[in-house]
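Visitor: I am new to this structure. Please take one part of it and show me that part closely, then how the rest is arranged around it.

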Amino acid sequence: MTDATGSNTFPFDYAKAYSRNIGWVTQAEQAKLRGARVAIAGLGGVGGAHLLTLSRLGISQFHISDFDDFDVHNLNRQVGAFMPNMGQPKLDTLARMAKDINPEIDLRLFPKGVQPDNVDEFLKDVDVYVDGLDFFALPARRMVFAKCREKGIPALTAGPLGMGTAFLYFSPTGMSFEDYFQVEGKTRDDQYANFIAGLSPAMLARDYLVAPEAVNFQEKRGPSTIMACDLCAGVMGTSVLKVLLGRGTIKAAPWGLQFDAYHLKLKQTWRPFGNANPLQKLLVKFIRPMLRGEKIA
């Protein structure tokens, strides 16, 4: 429905907009989702998809952060990447897209990204933290996860790996991000190796990385697909629902979950002591050559 100027005047009705969720959630649960507040740091490949997925789930309060602008190399996988949006801030673009889903949505924007001087405000009154930070933003990721633990906030991450996803849930009362990944005091490359090993203990995607030279840790770039980002958003949306509603089982770290659509494989992993586990130490040694640009067999 449009007016004489061509503007959309179609009325928004929350109950009707989210009525197709009912059945998989109750009316009372939908109301609880509506009142939840979720923080998402990073609005690129996975973060933007998380925001739109959770907006369509009916969550209506978000803290979102990003300091980057859209560029052409984002077109293959990022939900806000369209040619008219090139050069535009990801934060403003995704905020507009979320409001196009739910005009009543409450968005608090953090255009500097998440920094030491704003992380407390970013996480204020938040029920769940959803990680959408770039793979290479490890210092910021460590800071946010540590703050979530300090504040008792459940923190979830889903990494796009190949054509699949790797998911981890950090309960405020379970194993911490630091204890799991074991990156403290290590060199930058060893921190990356530990992060890859901890995120992807099963390494399901490694055998179809057909152009390993596309992974360049010195230039902070690597390949990613829209299929992986979409799978991340689906797993994340379901997991956030379970955390917020207290429904079903969601295993916290050192448990992890990986699904690879290319191989049609689903793996649950359990690594007691995280990367201090002997299996993980071997995996870290296996990954290090990749950081030097060598192909891993």
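Guide: Start at a turn. Strands β5 and β6 form a hairpin, with two residues between them. G162 sits in that turn and has a positive phi of about 60°. Keep in mind that this is a predicted model.

Now follow the two arms of the hairpin. β5 covers residues 155–161, and β6 covers residues 164–170. The two strands run antiparallel, joined by seven bridges. For one facing pair, find L156: Y169 in β6 stands opposite.

Stay with β5. How many of its seven residues are buried? Five are, so the strand is largely enclosed by the rest of the structure. In a regular strand, side chains alternate between the two faces of the sheet.

β5 has another partner, strand β4, which spans residues 128–131. Here the pairing is parallel, over three bridges. Y129 stands opposite A155 of β5. Between these strands comes helix α6, residues 138–151. Together, β4, α6 and β5 make a right-handed β-α-β unit.

Pause on α6. E150 and K147 both lie in this helix. They are three residues apart, about one turn of the helix. Their side chains meet in a salt bridge, 3.5 Å from N to O. E150 is exposed, because its relative accessible area is 58% and the cut-off is over 50%. K147 has 18% relative accessibility and counts as buried, because that is under 20%. The pair belongs to a network of salt bridges that links D120, K147, E150 and K151.

Next, step back to the sheet. It is an open sheet of eight strands with mixed pairing. The order is β3-β2-β1-β4-β5-β6-β7-β8. Find the hairpin strands in that row: β5 has β4 on one side and β6 on the other. The edge strands are β3 (106–110) and β8 (265–270), and each pairs on one side only. Neighbouring strands of the sheet are turned by 15° against each other on average, direction ignored.

Walk to the β3 edge. β3 pairs with β2 in the parallel sense, over five bridges. S65 stands opposite F110 in β3.

After β2 (61–65), a loop leads to helix α4 (90–101). V72 lies in this loop. At 47% relative accessibility, V72 counts as partly exposed. V72, L75 and M83 form a nonpolar patch on the surface. Together they have about 270 Å² of accessible area.

The same loop holds D68. Its side chain meets that of K90 in a salt bridge, 3.3 Å from N to O. K90 is in helix α4, and the two residues are 22 residues apart. K90 is buried at 5% relative accessible area, whereas D68 is partly exposed at 37%.

One last link remains. The structure holds 14 salt bridges, and one of them joins E29 to R247. The closest N and O atoms are 3.0 Å apart. This pair links distant parts of the chain, 218 residues apart. E29 is in helix α2 (residues 27–35), and R247 is in the loop between α9 (226–245) and β7 (255–260). E29 is buried, with a relative accessible area of 16%. R247 counts as partly exposed, at 32%.

Return to the hairpin to finish. G162 marks the turn, β6 runs antiparallel to β5, and β4 pairs with β5 in the parallel sense.

Conventions. Residues numbered from 1 in each chain as written. Predicted model: local features only at pLDDT ≥ 70, side-chain atom pairs only at ≥ 80, totals over all residues. Heavy atoms only, no water. Buried < 20%, exposed > 50% of the residue type's maximum accessible area, 1.4 Å probe, protein only. Helix = DSSP H or I, 4+ residues; strand = E, 2+ residues; numbered from the N terminus. Pairing = 2+ DSSP bridges. Right-handed = clockwise from strand over helix to strand, strands pointing away. Patch = residues over 30% accessible without salt bridge, like charges linked within 9 Å, V, L, I, M, F, W, Y side chains within 5 Å. Areas by Shrake-Rupley, 256 points an atom, 1.4 Å probe, with all protein chains shown as cover. Salt bridge = Lys/Arg side-chain N within 4 Å of Asp/Glu carboxyl O. Axes fitted to C-alpha atoms, helices over the stretch in contact; angles between N-to-C directions.
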